[in-house]
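Trainee: Please take one part of this structure and examine it closely, setting it in the context of the whole chain. I should like the terms explained as they arise.

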Amino acid sequence: MSQRAATITSLAKAFEVVKAMQAGGLDWGEGYRPLGRQALAEIIEDQMAAAVDRHLDQLEADDAADRRNGCYRRHLLTELGDIELTVPRTRRYSPVEVVRAYARRTRQIDRVILAGFVLGLSTRKVGETLLSILGRPVSASTVSQVAKTLDTAVAAFHRRPLANRYKVLMLDGVVLARKTGAGALRRPVLVALGLRPDGKKEIIDFRLAASESAAEWEQFLTDLYRRGLTGEGLDMICIDGGCGLLSALPTALPDIPVQRCWAHKIRNVLDKIKKADQPKVKRALHKIMNAPNAPAARSAARRFAGRFAKPYPAAAACLRNDLDELLTCFRYKSLAERRAVRTTNAIERRFREVRRRTRPMGTFQDKTSMDRILFAVFTHENKSQGVSTPFLLTQNN
């Protein structure tokens, strides 16, 4: 059988040859990677040099001035590993479009890096994981640089127009920690989650705040209002009962019925009960919460007061003072509908996912890294609910 020798002059041709040889059962080992990187670097550098020559030739034909201006180093991450390139340039031109033309493989690797980051791997562990793919580890600094590609998508998410497509709005503040020079700093994340008429739950937006004060909540809710979430069509707003949020609601979203979160209320009541009595108090609270209708719930609340007001007056007052707002959910007839709207647990569950994925990272290094990972996890959770999001974790540069 005759054999043909051919010079490979393009990345596409090189990958065709690699795939053909792999399909033929050739055991590559690791020896081909250094030679592959060297060959690929030579192909790209030759094409960049040719692009500079064409640029200068065209200027000379047009009687315009420009001249060569040395070169600089640039790294290109590919399936063969990290390739260091010498990029020539002139005073007015740099052939970086040649590098971009070969960057399709880079975007695939970037998506792997972002996926590992979102799944909770540390930057060091992401780099080590890529060792089996690239034949060499990727530095933590490189992973951090790729993670920065999320920033544009995060900014767009926080600015996007909103619509009044929800029947219930859930608001809660959940505390996360981030590192500072003086140790871990605990700060709340303000979150708005919407329950759609079809039952799907969507994280609408979130805000890294200095506190859960009325001013912080009002700023967050005013921004949502300005972008289109005016409260039209809302049946109720479910909240945890924090003073700052309660103070901000009449200004930001007035005249919408409030549902106090039963999960928070049960915890608050049980905090005022001796441990030995907590199980029976909790059962009595569940009888109120799971009553078949509002009159039955009020009857159960009266029985609760008659039974526990004397030994535990503070616990009885805690329930009595917010009873009306705890029973707002009874405007829905079915227990399934009430269960969906009577707590902010949907937000708590999503933060458990945030903590699960970020536990290997420790605390967040800064606000930007917090914003990125919250965006990534929340948009993933939205997608799992069937709520489309236009912000994909891809590298477009």
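Mentor: What follows covers the whole chain briefly, then one helix and its charged side chains, and then some places for comparison.

The model is predicted, so local features are reported at a pLDDT of at least 70 and side-chain atom pairs at 80 or more, while totals for chains, interfaces and linings use all residues. Residues are numbered from 1 along each chain as its sequence is written, and side-chain values use heavy atoms, with hydrogens and water left out.

The predictor's confidence in each residue is given as pLDDT, on a scale from 0 to 100. The protein chain has an average pLDDT of 81, and 73% of the residues score at least 70. Helix H12 (residues 278-289) has the highest confidence, at 97, and helix H1 (residues 11-23) the lowest, at a mean of 60. Helices (H or I, at least four residues) and strands (E, at least two) are DSSP runs, numbered from the N terminus. Residues 1-6 stay under a pLDDT of 50, and the model gives them 0 contacts beyond four places in sequence; a contact means heavy atoms within 4.5 Å. Residues 391-397 are also below 50, but this stretch has 14 contacts beyond near neighbours in sequence.

In all, the protein chain has 18 helices and 7 strands. Of its 397 residues, 45% are buried, where buried means under 20% relative accessible area, exposed over 50%, and partly exposed in between (1.4 Å probe, protein chains only). Among contacts between residues at least 6 apart in sequence, 66% join residues at least 24 apart.

The part chosen for close inspection is helix H9 (residues 214-226), whose axis comes within 8 Å of that of helix H10 (residues 243-252) and crosses it at roughly 35°. Here the axes are lines fitted to C-alpha atoms, for helices over the stretch in contact, and angles run from 0 to 180 degrees between N-to-C directions. The crossing of H9 and H10 is right-handed; that is, the near helix is turned clockwise from the far one by less than a right angle, an anticlockwise turn being left-handed. On the H9 side, the contact is made by Ala 214, Trp 217, Glu 218, Leu 221 and Tyr 225. The H10 residues taking part include Gly 244, Leu 245, Ala 248 and Leu 249.

Asp 223 also belongs to helix H9. Side chains of opposite charge can pair when their charged atoms come close. A salt bridge is counted where a side-chain nitrogen of Lys or Arg lies within 4 Å of a carboxyl oxygen of Asp or Glu, and 13 are found by this rule. Asp 223 has one with Arg 226, with 2.3 Å between the closest N and O atoms. These two residues share helix H9 and are 3 residues apart, about one turn of the helix. A second salt bridge joins Asp 223 to Arg 227, at 2.9 Å between the closest N and O atoms. The two arginines can be set side by side: Arg 226 is exposed, with a relative accessible area of 61%, whereas Arg 227 is buried, at 7%. Together with Asp 205, these three residues are linked in a network of salt bridges. Leaving out residues up to four places away in sequence, Asp 223 touches His 158 and Asp 205. Its C-alpha is 9.1 Å from that of Arg 159, although 64 residues separate them in sequence.

Elsewhere, Glu 325 and Arg 260 also form a salt bridge (3.5 Å, N to O). This pair links distant parts of the chain, with Glu 325 in helix H15 (residues 323-326) and Arg 260 in strand S7 (residues 258-260), 65 residues apart. Glu 325 is partly exposed, at 30% relative accessible area, while Arg 260 is buried, at 10%.

Arg 338, in helix H16 (residues 335-341), is a contrasting case. Arg 338 is buried yet has no salt bridge, the nearest side chain of opposite charge being Glu 337, 7.0 Å away. For this purpose Lys and Arg count as positive and Asp and Glu as negative, with His and the chain ends not counted. Beyond neighbours within four places in sequence, the contacts of Arg 338 include Ala 291, Pro 292 and Phe 330.

Finally, helix H11 (residues 262-270) is largely enclosed by the rest of the structure, because 7 of its 9 residues are buried. Among them are Trp 262, His 264 and Lys 265.
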